[in-house]
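Q: I should like to learn how to read the features of a protein model with a bound ligand. Could you take me through them in order?

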Amino acid sequence: MNTPELPAREAMEFDVVIVGAGPAGLAAAIRLKQVAPDTSVVVVEKGSEVGAHVLSGAVIDPIGIDSLIPEWRSEDTPIKTGVTEDRFYVLGESGALRLPLALMPPLMSNHGNFIVSLGDVCRYLARKAEALGVEIYPGFAAAELLFENNAVAGIATGDMGLAKDGHHKAGFARGMELRGKYTFLAEGARGSLSKVLIERFGLRADREPEKFGIGLKELWQVAPDRHRGGLVQHTLGWPLGNRTGGGSFVYHFDDNLVAVGFVVHLNYHNPYLSPFEEFQRFKTHPLVRDTFTGAKRICYGARAISEGGWQSVPKLAFPGGALIGCAAGFVNLPRIKGSHNAMLSGMLAAEHAAAALAQGRANDELSSYDNAWRSSPIGRDLWRVRNSKPLWSKFGTAAGIALGALDMWTNTLGFSLFGTLKHGKPDFATLDPAAKCRPIAYQKPDGKLTFDRLSSVYISNTNHEEDQPVHLLVRDAALQKSSEHDVYAGPSARYCPAGVYEWVEEAGQPRFVINAQNCVHCKTCDIKDPNQNITWVPPEGGGGPNYPNM
Ligand SMILES: Cc1cc2nc3c(=O)[nH]c(=O)nc-3n(C[C@H](O)[C@H](O)[C@H](O)COP(=O)(O)OP(=O)(O)OC[C@H]3O[C@@H](n4cnc5c(N)ncnc54)[C@H](O)[C@@H]3O)c2cc1C
Ligand code: SF4
């Protein structure tokens with residue numbers, strides 16, 4: 001059908017436009033207003049409200065919030081549970097070996113950290129930002145970058161009310177142009193606009209490939225006698241084999257809440273592996289299963305986590321703006337912490353943008369921000385752990401973790417035996433053909449401790465307008481069949497934590513089905529499809545999960 005002629009978009013002008021109301025975007029907005037109160041700042045957020053799409057562990061290092069809001073400890077905040085106990089185990093199928101904390105480099109200690117819902121922390125930061133005059137628009141996805149003279153000049157939000165077949169439904173509304181002197185991309189891991197921009201400006205030249213994991217999480221309300229407020233517990237090993245990186249976290253916080261989660265590194269090899277099922281299997285281990293006796297699972301979700309660190313961070317500045325937070329990838333992998341660096345990078349970019357605006361500059365490159373991060377606390381945090389991920393990928397969990405710990409110790413003393421190691425292949429290129437791998441038999445869920453995908457997605461409160469263009473774009477359908485299906489046995493049906501992808505038999509032929517309405521916006525398909533044949537683009541604003549406190 002003919003696409004109707006589109007009315008012009010309305011435009012609004014700001015000093016700084018920020019895409020994404022996560023810790024990075026909100027910290028940047030607050031810092032801009034702190035150092036230059038007259039700066040006009042807008043934040044767009046694709047979730048229906050701030051925090052609706054934020055999923056994290058989360059044990060936070062308070063260095064970020066201490067620098068941003070020094071008075072937070074005297075306020076009513078969602079940061080209530082200090083870490084009281086830190087445990088680390090290596091799991092076998094039925095046993096668990098507790099590692100003495102004295103073996104761990106001091107940087108791994110959680111002493112002084114806090115267990116939170118990062119979504120709730122973002123809601124608190126949003127209130128702070130609004131009180132300073134920041135405009136926040138939740139329910140609006142930044143769908144397009146605006147360019148002028150080859151510099152980013154802002155973003156356009158997506159049109160609302162577009163049907164699947166392209167016709168305009170009743171109530172169709174054109175997106176808005178939000179034009180800015182500087183645009184910050186704070187979309188988190190594998191941002192859709194960030195990906196386009198990194199490519200266009202060649203920001204990854206001379207850098208190692210990005211690396212990712214998929215993190216799955218459930219929030220449980222447990223019986224009071226099973227709750228140990230302040231306990232932080234991490235495991236490695238079972239149910240993953242030695243060649244697959246990842247591990248679990250269990251955090252006890254607030255009012256009988258337990259956050260349990262599992263991360264699988266996306267450079268795994270076996271296309272039959274299912275991160276979702278590995279997570280379910282983990283909960284049956286004797287070390288943890290009793291925690292959930294008499295408990296209620298109240299939320300589920302998943303999100304990619306950036307793992308490349310120091311050697312994978314792209315150039316941060318481009319004409320007209322900057323990448324901040326996990327859109328650039330500042331997670332310290334062995335600590336599984338990135339929210340502090342997300343905040344610190346937002347603040348750093350804000351300070352450099354405010355200085356540029358004060359000089360009357362606009363839409364140029366904030367090179368000084370890019371030059372500053374490696375010698376800032378963010379750089380110091382990532383430098384010491386830069387070899388952990390490459391050693392783990394190269395030598396497997398047992399030897400890789402031991403060598404990684406040794407390297408973190410020597411780095412703490414100021415040197416490394418390894419220099420700076422490379423990551424090797426990007427995650428999409430690590431799958432082995434199915435013919436070389438053994439299928440993995442996963443047990444059926446019991447509906448009490450272990451669950452299936454659909455009942456899990458249900459409690460992520462995911463909702464998308466049904467009649468809208470599919471936001472998961474398959475570039476070449478024939479390639480999906482000849483490679484993803486025929487060579488790799490359809491790994492999308494297993495790596496997607498929301499059951500979006502299925503291969504169904506129709507008239508004796510496999511057909512690729514995309515249940516886009518279930519998508520929890522984790523971005524794993526965009527990362528792991530072996531041919532980079534799937535592209536995630538933002539659906540209509542407000543669609544996706546509605547996490548209450550993840
Ligand atoms: C399972 C898991 C466990 C983790 N555990 C911890 C932990 O214990 N401690 C810790 O410190 N860190 C942890 N992290 C990492 C931490 O969550 C991230 O480092 C942090 O959230 C990054 O912040 P950000 O603001 O860059 O991105 P995000 O928190 O991802 O926020 C990005 C925001 O931008 C919005 N957005 C994206 N694209 C668009 C668009 N085009 N238009 C509009 N809005 C958009 C998203 O909806 C989201 O609200 C964990 C991560 C995962 C996945
Ligand atoms: S479709 Fe892609 S982004 Fe959506 S939940 Fe599945 S893997 Fe994640």
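The dialogue below concerns a predicted model and takes up the ligand site, the cavities, the pockets and some details of the backbone.

Q: Let us begin with the ligand. How many residues surround ligand 1, and which are the closest?
A: A ligand site is read first from the residues around the ligand. Here, 36 residues surround ligand 1, and the closest are Glu45, Ser56, Val59, Cys326 and Ser339.

Q: Which helices and strands supply at least two residues of the shell around ligand 1?
A: The next step is to assign the shell to elements. Helix H1 (23-35), strand S2 (41-45), strand S18 (296-306) and helix H6 (339-358) each supply at least two residues of this shell. The largest share comes from S18, with 3 residues.

Q: How do the residues of the shell around ligand 1 divide into nonpolar, polar and charged?
A: The shell around ligand 1 holds 21 nonpolar, 10 polar and 5 charged residues.

Q: Which polar atoms of Ala186, Glu187 and Cys326 lie by ligand 1, those of the backbone or those of the side chain?
A: Both kinds occur, and each pair is read by its atoms and its distance. A polar backbone atom of Cys326 is 2.8 Å from an oxygen atom of ligand 1. For Ala186, a backbone N or O atom lies 3.4 Å from an oxygen atom of the ligand. Glu187 takes part through its side chain, with a polar atom 3.0 Å from a nitrogen atom of ligand 1.

Q: What percentage of the accessible area of ligand 1 does the protein cover?
A: Here one takes the area that the ligand has on its own and asks what part of it the protein covers. On its own, ligand 1 has 990 Å² of accessible area, of which the protein covers 97%.

Q: Where does ligand 1 sit?
A: One distinguishes a cavity, from which a probe cannot get out, from a pocket, which is open. Ligand 1 sits in the largest cavity, which has about 850 Å³ of space. The model has 5 cavities of 30 Å³ or more.

Q: Which residues and elements line the largest cavity?
A: A lining is described by its residues and then by the elements that supply them. Of the 48 residues that line the largest cavity, Val54, Leu55, Gly188, Ala189 and Arg303 lie nearest its centre. H1, S2, S3, S16, S18 and H6 each give at least two residues to the lining. S18 gives the most, with 4 residues. By class, the lining has 28 nonpolar, 14 polar and 6 charged residues.

Q: How much space lies in the largest pocket, and which residues lie nearest its centre?
A: A pocket is read in a similar way, from its space and its lining. The largest pocket has about 880 Å³ of space. Its lining comprises 44 residues, and Ser192, Thr535, Trp536, Val537 and Pro538 lie nearest the centre. Strand S9 (142-148), strand S10 (151-157), helix H4 (192-200), helix H13 (524-528) and strand S24 (534-536) give two or more residues each. H4 gives the most, with 7 residues. The classes are 21 nonpolar, 11 polar and 12 charged.

Q: What lines the second largest pocket?
A: This pocket has about 630 Å³ of space. It is lined by 35 residues, with Phe88, Met104, Met108, Leu236 and Pro334 nearest its centre. Among the elements that give two or more residues are strand S5 (85-91), strand S15 (231-237) and helix H9 (388-412). H9 gives the most, with 8 residues. The lining divides into 20 nonpolar, 11 polar and 4 charged residues.

Q: Why are a cis peptide bond and a positive phi worth noting in a backbone?
A: They are noted because most peptide bonds are trans and most residues other than glycine have a negative phi. In this model, a cis peptide bond joins Gly57 and Ala58, with omega about -5 degrees. Ala58 lies in the loop between S2 and strand S3 (59-60). Another cis peptide bond joins Trp238 and Pro239, with omega about 5 degrees. Pro239 is placed in the loop between S15 and S16. Ile336, which is not a glycine, has a positive phi of about 40 degrees. Its place is in the loop between strand S20 (321-323) and H6.

Q: Which backbone nitrogens does the side chain of Ser416 reach?
A: A side chain may make polar contacts with the backbone. Ser416 is in the loop between H9 and helix H10 (453-458). A polar atom of its side chain lies 3.0 Å from the backbone nitrogen of Phe418. The side chain of Ser416 also reaches the backbone nitrogen of Gly419, at 3.4 Å.

Key:
Residues numbered from 1 in each chain as written. Chains lettered and ligands numbered in written order. Predicted model: local features only at pLDDT ≥ 70, side-chain atom pairs only at ≥ 80, totals over all residues. Heavy atoms only, no water. Near = heavy atom within 4 Å. Polar contact = N/O pair within 3.5 Å; in protein donor to acceptor, adjacent residues only side chain to side chain. Areas by Shrake-Rupley, 256 points an atom, 1.4 Å probe, with all protein chains shown as cover. 1 Å grid on protein atoms, 1.4 Å probe; cavity = no way out; pocket = protein on both sides within 12 Å on 5 of 7 lines; lining within 4 Å. Sits in = over half its atoms within 2 Å of the grid points. Nonpolar A, V, L, I, M, F, W, Y, C, P; charged D, E, K, R; others polar. Points joined across faces, edges and corners; volume = space filled by probe spheres on them.
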